[in-house]
Number of protein chains: 2
Amino acid sequence: MAFLYLVSPSERLTPIYHRYSRIEDTEEVSIFQASGRILAEDIYSTENIPPLPRSTVDGYAVKSEDTMGASPETPAMLLKKGEIHIGEIPKEDIAPGQTMYIPTGGILPEGADAVEMIEYTEEISPYVEMYRSVAPGENTVQPGEDIKEGMLLIPKGTKLHARHIGLLAYAGITTVKVYRKPKIAIFSTGDEIVPPDSYPEPGKMRDANGPMLKAMFGGIGEILDVSPVIIPDKREAMEKALKEALNIADIVMLSGGSSAGTRDLVVSVIKSLPDSEILFHGLRISPGKPTIVAVSGGKPILGLPGHPASCFVSAKLIGTNIVEYIAGSNRQTPFVFIRGIIKTEVYSKPGIEEYLRVKIDFSTSPPTVEPMITQSGITYTLAMADGLARIPPEKEGLSAGEEVEVMLL
Amino acid sequence: MAFLYLVSPSERLTPIYHRYSRIEDTEEVSIFQASGRILAEDIYSTENIPPLPRSTVDGYAVKSEDTMGASPETPAMLLKKGEIHIGEIPKEDIAPGQTMYIPTGGILPEGADAVEMIEYTEEISPYVEMYRSVAPGENTVQPGEDIKEGMLLIPKGTKLHARHIGLLAYAGITTVKVYRKPKIAIFSTGDEIVPPDSYPEPGKMRDANGPMLKAMFGGIGEILDVSPVIIPDKREAMEKALKEALNIADIVMLSGGSSAGTRDLVVSVIKSLPDSEILFHGLRISPGKPTIVAVSGGKPILGLPGHPASCFVSAKLIGTNIVEYIAGSNRQTPFVFIRGIIKTEVYSKPGIEEYLRVKIDFSTSPPTVEPMITQSGITYTLAMADGLARIPPEKEGLSAGEEVEVMLL
């Protein structure tokens, strides 16, 4: 029984990836600007870190053989030769029977091969009593133990997180080659769609999908300023917009086409583009079904549903992985599912993987999952949901109290 | 049995939050710049959306009573009065016995109260046959069903995600008041620490924590350009740096003090600051134990461990929630744990909550969790880990094959 579910659209998408061209252009950026960027080179270490053995504790540097058999009853008694300071190379070595105080991170003096922790010692000037025997190398880091010269530190294609930035800094690598961000053109389509800052007539509605998609992909990609942002349901307008976008963008997304007529228009326009093909038309998920995945000249064109909830689910489950692939990432972001208990009975169409917007009550164990009362177009419930509960295609619904997998939002 | 674990440092931290001042300054930003920002006002809707009833399907607008008893054998036969176009207010109404074609999203004409899906109809000009009866309201969205005038759309303190941006755009709200980002001053301390772009002498090491912390908190906060970034182990230098930082920053973080002497210095300097108090000194976690959580004049001072892995764990488990609190967030980011099976036996100190760096093999079910061979200071394993396996304080380790909770990285 698994506790994590990685629903892997990457596997579903693998067969189509070869149709797409990935970003190959690179740019050099400072590690301070590299967070979230995708590494375009293998990074190798050029040195051993530490270069000399170091102590991992506060204590006394010793020849381990001098402590053999030491115990509280029969302590080893060593002559203290001074102190090592952090950040300095010890100026003296130790001879048999000698010891030096060493702080955590201090370099071992010549002659020492281990460190006795301060807890097991007592200084009785000029001697130090040691109550425990230490093995060779004990409480030390050996040269290259942290990083070995020539080792692969971070492979190409890695999305750089804070931890990687720390490692790069530690290894003295302050600029890295990353892939240029993919340029993404985002359109909304439909005669009924008006810009967010307008007061629509009753038959129109404001564009929710454009701003939402820009926020979703604005981190990993560079959102292009396209004009017009909203394309009317006219063949010429759509053709012109897509052609112009394909000249400057690496990825084109358009949402809308909630009616069958508009979807047909989008499909027909995409088919008319140079070197194009519709790779998928429709996903077996709900919401999100009327999704078109296409290619033109190696560039992805995603036709996302018009209803914001459908658009969101489709963009998340399909769009994210396609964008990551184009961007040069060697790893697809896994979707994290948790298990909970559904509070009320729900129905679902068989043959369709259904994603219900739900509220999650984490105070119970397992968490209680409550479906929100929704309709496909309801934007508010999408914003308020804690997660998307997945009803697998083979099920016709869930009974109250049944276990359910939920993707956290 | 729970499948998700929210280890809640927020609960541990709750008792100290009242010691801290939260950001109150706000700024007005466009929704296109608002992703990831924290909302500083309750957002209410100012209108009903949709303002008029709309169809949720492609089909025919009808008076529902006209379809009563309709079936494939006894279809209702209605006179087609024309077509409604998307984005337009219908110019005509329908009378009993009449119908109009309506696309998804189209406004219902006066007189119609439901929509018959196109799948259950056949047009036999000038009539349309309907094979199914529809209930009043069926396949329509009622006025205000998506958004009701005056309703609370998004509460103050919400971290704005793509879904919220979409909702704001849909509701016609194009600028929002957000909290100013907290200004964070990040220092590294220690005589052995040198900048990442230098070639350290053998006793020194480059600063991994500063760049790592900047990447961790650069999204939610504004990282200040402080000078010097690296503070030597000298009382005067540390006092001066902290005092200057507290004049301009909302939060001060310093990492380092791997030796007990430096830690004592940090504690003593913090105590000497105006209106200051050490709130915690040491966490029962490993790595991450030597963490100092303090306050001066309502501002958090976090003394994080020097070892990068310890610094990371402490910053993640404690720092994140403190920064979110100061930033004005009404919700603490939960930490997501999954369950796996540990591959090899591990030991752990009782009384300490231990976090092991692990690789996770998701191809097995449940996932297989393999501890990496680590030492506290090893920066490389931190960068390469897939997760942190948690050994609870009451355990002295785990046997191979035992269940383990893992925080995903």
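Modeller: Two strands are taken as paired if DSSP finds at least two bridges between them. Please keep in mind throughout that the model is predicted.

Colleague: How many bridges join strand β4 of chain B to β7(B), and do they run parallel or antiparallel?

Modeller: Strand β4 of chain B, residues 59-62, is joined to β7(B) by four bridges, and the two run antiparallel. Within this pair, B:Val62 lies opposite B:Ala114 of β7(B).

Colleague: Which residue is the bridge partner of B:Ala61 in β6(B)?

Modeller: The partner of B:Ala61 there is B:Met100. Strand β6 of chain B spans residues 98-102 and pairs with β4(B) over three bridges, again in the antiparallel sense.

Colleague: In what order do the strands of this sheet in chain B stand?

Modeller: The sheet is open and has six strands, in the order β7-β4-β6-β5-β9-β8 of chain B, with mixed pairing. Its edge strands, each pairing on one side only, are β7 (114-117) and β8 (121-124) of chain B. From one strand to the next, the twist averages 40°.

Colleague: What order do the strands take in the sheet of chain A?

Modeller: In chain A, six strands form an open sheet in the order β7-β4-β6-β5-β9-β8, and the pairing is mixed. Here β7 (114-117) and β8 (121-124) of chain A are the edge strands, and the twist averages 40° from one strand to the next.

Colleague: How many bridges join the edge strand β8(A) to strand β9 of chain A?

Modeller: Four bridges join β8(A) to β9 of chain A, residues 127-130, and the two strands run antiparallel. One bridge sets A:Glu122 against its partner A:Glu129 in β9(A).

Colleague: I should now like to read the interface. How many residues does each chain give to the contact?

Modeller: As a general idea, the size of an interface is often given as the accessible area lost when the parts come together. Here the contact is described by residues: 79 from chain A and 79 from chain B. Elements of chain A that give two or more residues to the side touching chain B include α2 (162-170), α3 (209-217), α5 (260-272) and α6 (308-327). The largest share, eight residues, comes from α2(A). By class, this side of chain A has 45 nonpolar, 21 polar and 13 charged residues.

Colleague: At what angle do the axes of α2(A) and helix α3 of chain B cross?

Modeller: The axes of α2(A) and α3(B), the latter covering residues 209-217, come within 7 Å and cross at roughly 155°. Angles over 145 degrees count as roughly antiparallel, so α2(A) is roughly antiparallel to α3(B). The crossing of the two helices is right-handed.

Colleague: Which residues of α2(A) and α3(B) meet there?

Modeller: From α2(A) come A:Ala162, A:Arg163, A:Ile165, A:Gly166 and A:Ala169; they meet B:Asn209, B:Pro211, B:Met212, B:Ala215 and B:Met216 of α3(B). This contact has seven nonpolar, two polar and one charged residues.

Colleague: By what turn and shift can chain A be laid on chain B?

Modeller: A turn of 180° with a shift of 0.0 Å along the axis lays chain A on chain B with an RMSD of 0.1 Å. The two copies are therefore related as by a two-fold rotation axis. Both copies use the same surface, for 100% of the contact residues of chain A recur in chain B.

Terms used. Residues numbered from 1 in each chain as written. Chains lettered and ligands numbered in written order. Predicted model: local features only at pLDDT ≥ 70, side-chain atom pairs only at ≥ 80, totals over all residues. Contact = placed C-beta atoms within 7 Å. Nonpolar A, V, L, I, M, F, W, Y, C, P; charged D, E, K, R; others polar. Axes fitted to C-alpha atoms, helices over the stretch in contact; angles between N-to-C directions. Parallel < 35°, antiparallel > 145°, perpendicular 65-115°, else oblique. Left-handed = near helix turned anticlockwise from the far one by under 90°. Least-squares fit on C-alpha atoms with pLDDT ≥ 70 in both.
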